[in-house]
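Let's take a walk through this fold together, from its sheets to the places where its helices pack. Keep the model open beside you and turn it as we go.

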Amino acid sequence: MNTDDQITGFRQDRIGARLICMLNVMRLAQKFGVKGRFLWLSEPEGPYPELADPHDFLSAAFVAEHIRVVDKAPDLSQMQDVGAVAQSMNARGFGERLAGGGRYSCTTMSETVRFMDETLPDAEAEMREIARQIRLAAPLEKALVRARKVVARAGGGDPVAIHVRRGDILDVPPWCYSSWATKYVPDEFFRAFISTGEGPVISFSDTPEAVRHLAQGNPRILPVTEVFGDARLPQPARDLLELVLMSECAQVGAPSHSAFSRAAAVAGRCRIVALPGALPEDLRRAAYDALLERVIAAQDSFFAPGDLAQSAGYAARHAVVVGRGAELVDALDGQDAFLGEFPFLYKDLAMTAWAAGRMGKARALAERGLAAPLLRHRDKPQCRQILLMADAGNKPEQNPEVDGQFLTMLFTGRAAEGPIIPVLARKMMRQDTGSAKALMFPQKLTAPFTRLAPESGGDAKMLPLWVLRLDWSEFVRDKALLRELREWPSLWEKMKPVAAGLSEIEDKLEAKEKPVVGAGAALRFGFCAAILRLHGRLNRSFALLGWLDGLYPGNALTHKRLADTCFAADLGRGGWKWLESAIEIAPENPMLHLSAVLRALQTGDAARASRHADAAEALWPGLPLIKVLRRGMS
């Protein structure tokens, strides 16, 4: 490995992933003025022998400038991955580390690596400019020109695309055992998307027969297999050309987490229309209504049993909203062979029964789900949530066992996913519960962030979980969940309910004034400071928190927030100073000690981590979250 390269990219999977990783390396290297290189794994006897030579896909000059071919996976263990680092660092801080000789790996394969202070549109615009530098091998360039001519002959204006993911999700174990709402879109939503335009629709799919079923004879739909015709191309070359062709479409109707379409958007000009969420409201609702009716009354109209199963998950959520939850449960419950083949439906039906007020049925379905031998681990949390609520009775916020389980689920991967925990969160934060005390969440902030919870049935209300995770983001270890915390909702949407008067305060602070506000306003501005820290606006966060600490000294939450901002700014000594101060102010708080456990583990201080874990356990014996962190320590 060339030690001159400060950013080293590597993927050992398919060509799309390699391409996006390489573009990330190129962008970062050019942005920071350092050398970067993508390592292309060549294994003629490995799982992807067709990818042995990058010259089969890319021009010789491009390969020479940006790629180094290797015959085995490199050891990158001594480098930090830039995709992970960027989530908690601003661009200036990363540039300073590079200037000091830092070296990083890059393994990101379907999105743009960006720093806390980079907006997504700006980073994506830079990636598109970088993608213009790609030069294909001559045979691929000729095939692409021919394909563009085929699309142009279709007429009707700029083409759009649909990405119809089916394949192994339909009937291949273990993928068919679980629900894939972020990867699978039922036919009704694709048809609704197609209806918004008049031009050609290029369909990309791993199951062409499913597209024909979806199309129902619509002449506007042009399968990509017809676009390339009988061109004799190896599959990786075809994959690359399909990605380039998709990137040139104006829009792509696709699942929200389609890696292929997201890669096309990274590399080109196409805009992803995430289905069904990005459809116009009237079209989305009509499509949901049609899908629900089909699941209840026309189950033999689906392409395959797996199509019915995946679609039923969508229908279940809508059934609750429109008051047909019990009807849907009755339509599918009792089909034991079908539910056994697609066991994730036990979870969906249990949640639907709970929202419909049928707790007995919900509990029975949840128990059957957990007993199903094929149920995947990722589909178990909602079943456990149902049983937790069933055991807790009518006032779960007054049950100590629920209190500890709630706090643990909040920070344990996707354990809190679904409509139940946000509803429970609102109840917990409005009461004097152990979890509310441990999170130090100001009860007065519950109301501004309370939202209706239509998927929970009736007039249920919920508290978005990001509101509680904000001040404890170090506990969010799942990368996708952390990215979701930072990106949704946007910075301003997070701040809007509590930001009244913020700009005036910041103007006064910049003018070296010391404004005075009441305790209620201080709670709001402290929360704004935490949001700013999460989004990389560290100077603004420091200014607000320093002012609040002077105005209301000795506040443990303010000191915790100062610690978080210091750690985000790579100021470890300051971070520990403020965190230890917060613990001194609130020694009875177990979450502060657990935060110290995580911070100590980040620096390899196992003894310090162990001391704080013991202190937390003494304060809240039996808290499951402590066991989770101790497993990380070992």
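What follows visits two sheets and then three helix pairs. The model is a predicted one, so please read every value below as computed from its atoms.

Let's begin with the sheet nearer the start of the chain numbering, where 5 strands line up in the order β3-β2-β1-β5-β4. This sheet is open, and its pairing is parallel. At its edges you will find β3 (67-70) and β4 (80-81). Each of these has a single partner strand, so one side of each has no neighbour in the sheet. To see how β3 is held by that partner, look at β2 (residues 36-41), which pairs with β3 in the parallel sense over 4 bridges. A handy landmark here is Leu41, which stands opposite Val70 in β3. Now bring helix α1 (residues 15-32) into view: α1 lies across β1 (7-11), β2, β3 and β5 (104-106). Relative to β1, helix α1 runs at about 175°.

The second sheet is also built from 5 strands, here in the order β8-β7-β6-β9-β10. Again the sheet is open and the pairing parallel. The edge positions belong to β8 (221-223) and β10, and each has a single partner strand, so one of its sides is left without a neighbour in the sheet. On average, with direction ignored, neighbouring strands of this sheet are turned by 30° against each other.

Two pairings are worth a look in this second sheet. Strand β6 (residues 160-164) pairs with strand β7 (residues 201-205) in the parallel sense over 5 bridges, and His163 has Phe204 in β7 as its bridge partner. Strand β9 (residues 251-255) pairs with strand β10 (residues 271-275), likewise in the parallel sense over 5 bridges. There, Gly253 stands opposite Val273 in β10. Follow the chain from β9 to β10 and you pass through helix α12 (residues 259-267), in a β-α-β crossover that is right-handed. Another helix, α8 (residues 187-194), lies across β6, β7, β8, β9 and β10, and runs at about 175° to β6.

With the sheets in place, we can turn to the helix pairs. Two packed helices are described by the angle between their axes and the distance between the axes.

Take α6 (residues 138-154) and α11 (residues 235-247), whose axes come within 11 Å and cross at roughly 45°. The two helices are therefore oblique to each other, and their crossing is right-handed. Leu140, Ala143 and Leu144 of α6 make the contact with Ala237, Leu240, Leu241 and Val244 of α11. By class, this contact has 7 nonpolar residues, no polar and no charged ones.

Next come α14 (residues 305-321) and α17 (residues 344-355), with axes that come within 9 Å and cross at roughly 10°. That angle makes α14 roughly parallel to α17. Among the contact residues are Ala309, Gly313 and Val320 of α14, and Phe344, Asp348 and Ala355 of α17. The contact of α14 with α17 has 7 nonpolar, 3 polar and 1 charged residues.

Our last stop is α19 (residues 380-392) with α21 (residues 420-429), where the axes come within 10 Å and cross at roughly 40°. This makes α19 oblique to α21. Gln385, Ile386 and Met389 in α19 meet Ile420, Ile421 and Leu424 in α21, and the contact divides into 5 nonpolar, 1 polar and no charged residues.

Technical notes:
Residues are numbered from 1 along each chain as its sequence is written. This is a predicted model: local features need pLDDT of at least 70, side-chain atom pairs count only at pLDDT 80 or more; totals for chains, interfaces and linings use all residues. Side-chain values use heavy atoms; hydrogens and water are left out. Axes are lines fitted to C-alpha atoms, for helices over the stretch in contact, and angles run from 0 to 180 degrees between N-to-C directions. Angles under 35 degrees count as roughly parallel, over 145 as roughly antiparallel, 65 to 115 as roughly perpendicular and the rest as oblique. Contact means heavy atoms within 4.5 Å. Ala, Val, Leu, Ile, Met, Phe, Trp, Tyr, Cys and Pro count as nonpolar, Asp, Glu, Lys and Arg as charged, and the others, Gly among them, as polar. Two strands pair if DSSP finds at least two bridges between them. A crossing is left-handed if the near helix is turned anticlockwise from the far one by less than a right angle, and right-handed if clockwise. A crossover is right-handed if, with the strands pointing away from the viewer, the path from the first strand over the helix to the second runs clockwise.
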